[in-house]
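Visitor: I would like a close look at a single part of this protein, with its surroundings filled in as you go. Could you walk me through it?

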Amino acid sequence: MTHRTAAQALIVLATALTASGAAMAQAADAAAPAPAPLLTGNVSLTSNYKFRGQDQDMIGKNDYAKTKGFKPAIQGGFDYAFGESGFYVGNWNSSVNWLKGNSIESDIYGGYKFKAGPVDMDVGALTYIYPGNSAGNTTELYVGATYANDSFGSITAKYSHTVSKDYFGYAGNQSGSGLKGTNTGYLNLAYSKEIVPKVTLKAAVGFTNMSSDIRSLGYKSYVDYNIGATYDFGSGLTLTGSVQGANKKSAYLAVANPGVDYGFGTFGQTTYSPNKARFIVTLTKTL
């Protein structure tokens, strides 16, 4: 009788420990942060797409430059992370209108993210593809470093280096000039910080160092800027308002109105620079 009671007690104790362990495991699982999703996506509507301070919608009536500030574009893409390895690939697309015969930009990229002490590093390669006119196709290698904390905010430095002969139609194989865009470099510094709940201040400045071949055509290296704020509605929906533009406007002038040629001179001609500062509104949904 005594032996039987002891055995029963051991069974009861084992059962209790097993149940307790299962409960603790469930609690631990509930408390642990959810793993980052492998596949993420985004879609945006913007009032004007600028790339490095320059309008990406330029061709208007009779191929003359558009001068209006409202040039809407639809954009979107996805990123796929290979688990915890740090490797990733992605694609981003936007409607554009600055190359004859082409209406879309499609970016293909891949890279590797890793920690270097308190800094998050990112290295990779990116190819900009313009399916209707390959003169714009450009490939760059990049390296970025981000430092962030709650009190300071987040600051990122990123450098992109052109390795293709073509550089966004300015020079390269497709232009037929024999000149190259290789070694054009772009350095960008970006800062962001939540200043009040749901509102994040964002500011960035970049410098494009054109290749010597491109500069020989009269184009100049220039500085671009982007400053604004983002409001987070929750559920992945954000609204951003920002002022974007660049200096060296006169080096990138395009004819907006040819004017009238009276035989002894042209009158009424107007020009437009894609570097002109604009206030831009962008609505983004992260998927």
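Visitor: Which residues does Met210 touch, not counting residues up to four places away in sequence?

Guide: Happy to take you there. Please keep in mind that this is a predicted model. Leaving aside residues up to four places away in sequence, Met210 touches Tyr167, Tyr170, Thr184 and Arg215, and also Lys220, Ser221, Tyr222 and Tyr252.

Let us put that residue into its setting. Met210 belongs to the largest nonpolar core, which has 22 residues; Met210, Phe168 and Tyr170 are the members that touch the most other members. Two strands, E5 (87-95) and E7 (119-129), each supply at least two residues of this core. As a general background, nonpolar side chains in soluble globular proteins tend to be buried together. For the protein as a whole, buried residues make up 32% of the 287 residues.

Two of those core residues lead on to a pocket. Phe168 and Tyr170 are among the residues that lie nearest the centre of the second largest pocket, together with Met58, Trp98 and Tyr219. That pocket holds about 700 Å³ of space, and its lining counts 24 residues. By class, the lining has 18 nonpolar residues, three polar ones and three charged ones. Strand E3 (54-55) and strand E14 (254-257) each supply at least two residues of the lining.

In the sequence, Gly169 sits between Phe168 and Tyr170, so to speak, and it deserves a stop of its own. Gly169 lies in the loop between E9 and E10. With a relative accessibility of 36%, Gly169 counts as partly exposed. Trp98 is 71 residues away from Gly169 along the chain, yet their C-alpha atoms are separated by 9.7 Å. Gly169 touches Trp98, Ala135 and Gly136, again not counting residues up to four places away in sequence. Contacts across long stretches of chain are a theme in this protein: residues 24 or more positions apart account for 52% of the contacts with a separation of 6 or more.

The loop between E9 and E10 also holds Asn183. Its phi is near 80°, a positive value in a residue other than glycine. Most residues other than glycine have a negative phi. Lys248 offers another case, with a positive phi near 55°. Lys248 is placed in the loop between strand E13 (237-246) and E14, and E14 is a strand we met at the pocket lining. A relative accessible area of 38% makes Lys248 partly exposed.

Now for the strands on either side of the first loop. E9 (residues 153-162) runs antiparallel to E10 (residues 185-196), and eight bridges join them. In that pairing, His161 has Gly185 of E10 as its bridge partner. On another side of the pairing scheme, E9 is joined to E8 (residues 138-149) by 10 bridges, also antiparallel. Glu140 and Thr162 are bridge partners there, with Thr162 in E9. E8 and E9 form a hairpin, and three residues lie between them.

From E8 the pairing can be followed back to E7, a strand that supplies residues to the core. E7 and E8 are antiparallel and pair over 10 bridges, and Tyr142 in E8 is the bridge partner of Gly124. E7 also pairs in the antiparallel sense with E6 (residues 104-116), over 11 bridges. Here the bridge partner of Tyr109 is Leu126 in E7. The hairpin of E6 and E7 has two residues between the strands, and Gly117 takes a positive phi near 65° in it.

Thr127 makes a good last stop, as a residue of E7. At 24% relative accessibility, Thr127 counts as partly exposed, because buried would require under 20%. Thr127 touches Ser106, Asp107 and Ile108, and also Thr138 and Thr139, not counting residues up to four places away in sequence. The C-alpha atoms of Thr127 and Leu141 are separated by 8.9 Å, with their positions 14 residues apart along the chain.

To set all this in the whole: the protein has two helices and 18 strands. Our path began at Met210 and its contacts, including Tyr170, passed the pocket centre where Tyr170 and Phe168 are among the nearest residues, and ended in strand E7 at Thr127.

Methods:
Residues numbered from 1 in each chain as written. Predicted model: local features only at pLDDT ≥ 70, side-chain atom pairs only at ≥ 80, totals over all residues. Heavy atoms only, no water. 1 Å grid on protein atoms, 1.4 Å probe; cavity = no way out; pocket = protein on both sides within 12 Å on 5 of 7 lines; lining within 4 Å. Points joined across faces, edges and corners; volume = space filled by probe spheres on them. Helix = DSSP H or I, 4+ residues; strand = E, 2+ residues; numbered from the N terminus. Nonpolar A, V, L, I, M, F, W, Y, C, P; charged D, E, K, R; others polar. Pairing = 2+ DSSP bridges. Core = buried A, V, L, I, M, F, W, Y, C linked by side-chain atoms within 4.5 Å. Buried < 20%, exposed > 50% of the residue type's maximum accessible area, 1.4 Å probe, protein only. Contact = heavy atoms within 4.5 Å.
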